[in-house]
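This report goes through a single protein chain, from its exposed surface to its pocket, its core and a few chosen residues. Please keep the sequence and the three-dimensional view open while reading.

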Amino acid sequence: MNSEMPGDFVVAVALQGRVPCKVIGKVTKGDMIVASDVPGVGVASDNPKLGSVIGKALEDYDSTEVGTIEVVVGRL
């Protein structure tokens, strides 16, 4: 889509499917992932607002450090 953009402007965008997502905190498989206070990083939410969901976690994660898990995007 943007393969001809120069240098650092090339960004991967996922509209649907199973994709890696940076997360922080405790995430349990099946949790809805929304944006956290850390730019570019998601966090689990028990009660996400409409339109705020990034995806659904496909694996567990539990750390105060930023890590990567697989999430499903587009078909919740």
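## Surface and overall make-up

The model discussed here is predicted. The protein chain exposes about 5,600 Å², and carbon and sulfur atoms supply 54% of that area. Buried residues account for 26% of the 76 residues in the protein chain.

In terms of secondary structure, the protein chain holds five strands and zero helices, so that the order of elements, read from the N terminus, is β-β-β-β-β. When contacts in the protein chain between residues at least 6 apart in sequence are considered, 50% of them join residues at least 24 apart.

## The largest pocket

The largest pocket has a volume of about 180 Å³, and 14 residues line it. Those that lie nearest its centre are Pro20, Cys21, Lys22, Gly40 and Ile54. By residue class, the lining of the largest pocket divides into 10 nonpolar residues, three polar ones and one charged one.

Two strands, β1 (17–27) and β5 (61–73), each supply at least two residues of this lining. Of the contributions to the lining of the largest pocket, that of β1 is the most, with four residues.

## The nonpolar core

The largest nonpolar core has 10 residues, namely Val19, Cys21, Val23, Val27, Ile33, Ala57, Tyr61, Ile69, Val71 and Val73. Strands β1 and β5 each supply at least two residues of this core, and each of these two strands also supplies at least two residues of the lining of the largest pocket. Cys21 belongs to the largest nonpolar core and is also among the residues that lie nearest the centre of the largest pocket.

Val27, a member of this core, can be examined through its contacts. Not counting residues up to four places away in sequence, Val27 touches Ile33, Ala44, Ala57, Glu59, Asp60, Tyr61 and Ile69. Of these partners, Ile33, Ala57, Tyr61 and Ile69 are listed in the core as well.

## Gly25 and Ser63

Which residues is Gly25 in contact with, leaving aside its neighbours within four places in sequence? They are Tyr61, Asp62 and Ser63. Gly25 itself is placed in strand β1, and it counts as partly exposed because its relative accessibility is 23%. A further spatial relation concerns Gly67, which is 42 residues from Gly25 in sequence, while the C-alpha atoms of Gly25 and Gly67 are 9.1 Å apart in space.

Ser63 has its place in strand β5, and, with neighbours up to four places away in sequence not counted, Ser63 touches Ile24 and Gly25. Is Ser63 buried or partly exposed? With a relative accessible area of 24%, Ser63 is partly exposed, since buried residues would have to be under 20%. Ser63 and Val27 are 36 residues apart in sequence, and their C-alpha atoms are 8.9 Å apart in space.

## Lys56

Lys56 is found in strand β4, which covers residues 53–57. Its relative accessible area is 26%, and Lys56 is therefore partly exposed. Lys56 and Ala44 are 12 residues apart in sequence, with a C-alpha to C-alpha separation of 8.9 Å in space. Ala44 also appears among the residues that Val27 touches.

How values were computed
Residues numbered from 1 in each chain as written. Predicted model: local features only at pLDDT ≥ 70, side-chain atom pairs only at ≥ 80, totals over all residues. Heavy atoms only, no water. Buried < 20%, exposed > 50% of the residue type's maximum accessible area, 1.4 Å probe, protein only. Contact = heavy atoms within 4.5 Å. Areas by Shrake-Rupley, 256 points an atom, 1.4 Å probe, with all protein chains shown as cover. 1 Å grid on protein atoms, 1.4 Å probe; cavity = no way out; pocket = protein on both sides within 12 Å on 5 of 7 lines; lining within 4 Å. Points joined across faces, edges and corners; volume = space filled by probe spheres on them. Nonpolar A, V, L, I, M, F, W, Y, C, P; charged D, E, K, R; others polar. Core = buried A, V, L, I, M, F, W, Y, C linked by side-chain atoms within 4.5 Å.
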